[in-house]
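Got your viewer open and a free hand on the mouse? Let's take a short walk through this one, stop by stop.

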Amino acid sequence: MVSLFLALIIAACIIFIVNFKWRFQYWQRKKLPFLKPQIPFGNFPNFIKSKENLGMETAHLYAQMKKKGWKHGGIYILTSPIYLPIHLDNLKNVLEDDGYFSDRSVVGNPKIEPLHAHLVNLKGAEWRDMRTKLSPSFTAGKAKMMFDIIKQCQDCLVKKVENLGCVELEETCKNFTTDVIGCCAFGLDCKSMQNESSPFKMYCHKALTKTILSRLKLIFFYIFPRLELFLKVHTIDTDVHDFFMNLAHEVIEYREKNGVSRNDFIQSLIEMKKSGSLTVEEIAAHSFVFFLAGFETSALVMTWTLYELAKNLEIQERLRDEICDVLEKFGGQISYDALQEMKYFDQVLNETMRKFPPVAFVNRLCIKDYKIPDEDTVIEKGTLVAISILGIHRDAEYFLDPEKYDLGRFSEENKKKMHSYAYIPFGKGPRSCIGMRLGLLESKIGLCGLVRNFRFTVNEKTPDVMPLDPGSLFCSPGAPIWLNLEKCL
Ligand code: HEM
């Protein structure tokens, strides 16, 4: 009996290993160079064991392939094959080729939870129609209209920190971007946003808090999307889902009943509803994506910028001088036009997003068999594709001494020489970031208020070397960044 049991266990182990070995030969069978995977984690052992940030682990894989001189290669997450383009031409083919790679592999199904029916998740024709409908809400003119609302949030931010002496950056910047989203995307009153314990802030926090179990669930259904639909899996807590849905319903009803109109994002969606092109549920979903896609990204741009400015005091001084000089020309008032004149500021933001792209990698799903030009390999329908933005941004071929924070890379002259795919913090091609202008504007307004008013230095509580957070899907700091701040006279 015991020996039968033992034989069964041994047989199960053999089947398990053979199965893995067979699956891990996928790229070999496809004649694509590949990095050796590890049973059972594939090429992401550290991310799955929560020891490394996903974006950073992908960047390491990119660097290994680059070192071997490959133009592209195959990797695996668990047993799922992922195609990783390295050469910028291969990358361009994926990002521009709308007919083969127009979808993302995402977790969260609109048929199960309507709040997921937003641009990041939508696929195929549904995505294309929605992108066309929403694009007019993200023009420079629309961003400009939101300037005053964001400026009020900036005033609150400056007030909040002025007597602190020392701040933890990420939390401070996230508070600001939550205020911006509350006001612009959900039409909340700026005053209500000053309340630290507002239900909006509480639910935003809850929506983003990920337990180990929920992270594993995300990875699992990211790899097996069909199972997610089959099992009708919920990825947003019901109370969070209901809160954001009800909030959108209430704001729309209030504005429609009382004839209230404001220069915010939700207003342009309400106008679309009036013409019959959006439903209330869709408005809720798009406001929600403003939060999901815009909150952490913009907060990270601010966080890493202030961190680098505190470490590079000359750059900080020069930036402050530019801000003060330009504002003097504009009567001391921060305005949309004044911000456009701050060219050194743009260099600072660009270099921050080069070194710390908030979205460190993007993914695509191959929707039709794709033959790689001039090669025998066919990327099969259903294959995941990863683009390592962090890997490209820290590639010494495009950015010499990539760890250095060097604004010269983004001088007018050097920008002209840069390959257009070597710097892609907002992605590229038809699915690139629709909120780019808003994200930049929001970060610039927040930073402008802080740098104009305070001198920042690194506090001793901040570690010398800053890792990335292994628990975050973004390029987030792995430890609290504390800065001292001193009021500028
Ligand atoms: C500085 C801040 C931001 C950065 C660095 C950033 C970066 C990105 C990146 C890398 C993508 C993926 C592009 C791709 O897959 O090729 C993306 C997509 C997206 N972003 Fe942003 N983003 C920022 C701010 C915002 C804001 C404020 C919004 C507000 C609405 C937003 C909304 C979106 C949406 C809706 C998508 C999906 C677009 C589509 O699939 O059609 N982002 N963003």
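Which residues does UniProt list for "transmembrane region" (unreviewed entry)? They are residues 6-24, with the caution that UniProt positions are given in the numbering used here, feature names are shortened, and annotations may be inferred rather than shown by experiment. Select that stretch: the chain there is 95% helix and 0% strand, and its end C-alpha atoms sit 27 Å apart. Helices (H or I, at least four residues) and strands (E, at least two) are DSSP runs, numbered from the N terminus.

Two bits of housekeeping before moving on. This is a predicted model, where local features need pLDDT of at least 70 and side-chain atom pairs count only at pLDDT 80 or more, while totals for chains, interfaces and linings use all residues. Residues are numbered from 1 along each chain as its sequence is written, and side-chain values use heavy atoms, with hydrogens and water left out.

**Stop one: the iron**

Now select the ligand and find its iron atom. Which protein residue is the iron's only donor? Zoom in on Cys433, whose SG is at 2.3 Å. Donors here are N, O and S atoms within 2.8 Å of the metal (3.2 Å for Na, K and Ca); water is not among the atoms, so sites may look incomplete. The UniProt record also has a "binding site" (unreviewed entry) at Cys433.

Trace the backbone around Cys433 and you'll see the loop between α22 (412-417) and α23 (436-453). Cysteine 433 counts as partly exposed because its relative accessibility is 34%; the scheme is buried under 20% relative accessible area, exposed over 50%, partly exposed in between (1.4 Å probe, protein chains only). Skipping neighbours within four places in sequence, Cys433 is in contact (heavy atoms within 4.5 Å) with Arg131 and Phe426.

**Stop two: the shell around the ligand**

Show everything with a heavy atom within 4 Å of the ligand. That brings up 26 residues, and the closest are Arg104, Trp127, Arg131, Arg364 and Cys433. Look for polar side-chain atoms facing ligand oxygen atoms: arginine 131 has one at 2.7 Å, tryptophan 127 at 2.8 Å and arginine 431 at 3.0 Å. Colour by element next: α7 (124-134), α17 (280-311) and β4 (361-365) are the ones that give two or more residues to this shell. The biggest giver is α17, with 6 residues.

**Stop three: serine 102**

Pick serine 102, in the loop between α6 (98-101) and α7. Is serine 102 buried or exposed? It is buried, because its relative accessible area is 3%. Not counting residues up to four places away in sequence, serine 102 touches Asp97, Arg128, Ile367 and Arg431. For a sense of scale, draw a line from its C-alpha to that of cysteine 488: 49 Å, across 386 residues of chain.

**Stop four: asparagine 121**

Asparagine 121 is also in the loop between α6 and α7. At 9% relative accessibility, it counts as buried. Its side chain makes a polar contact (a pair of N or O atoms within 3.5 Å; within protein, one must be able to donate a hydrogen and the other to accept it, and residues adjacent in sequence count only if both atoms are side-chain atoms) with the side chain of histidine 116, at 3.3 Å.

**Last stop: glycine 429**

Finish at glycine 429, in the loop between α22 and α23. Leaving out neighbours within four places in sequence, glycine 429 is in contact with Leu95 and Glu96.
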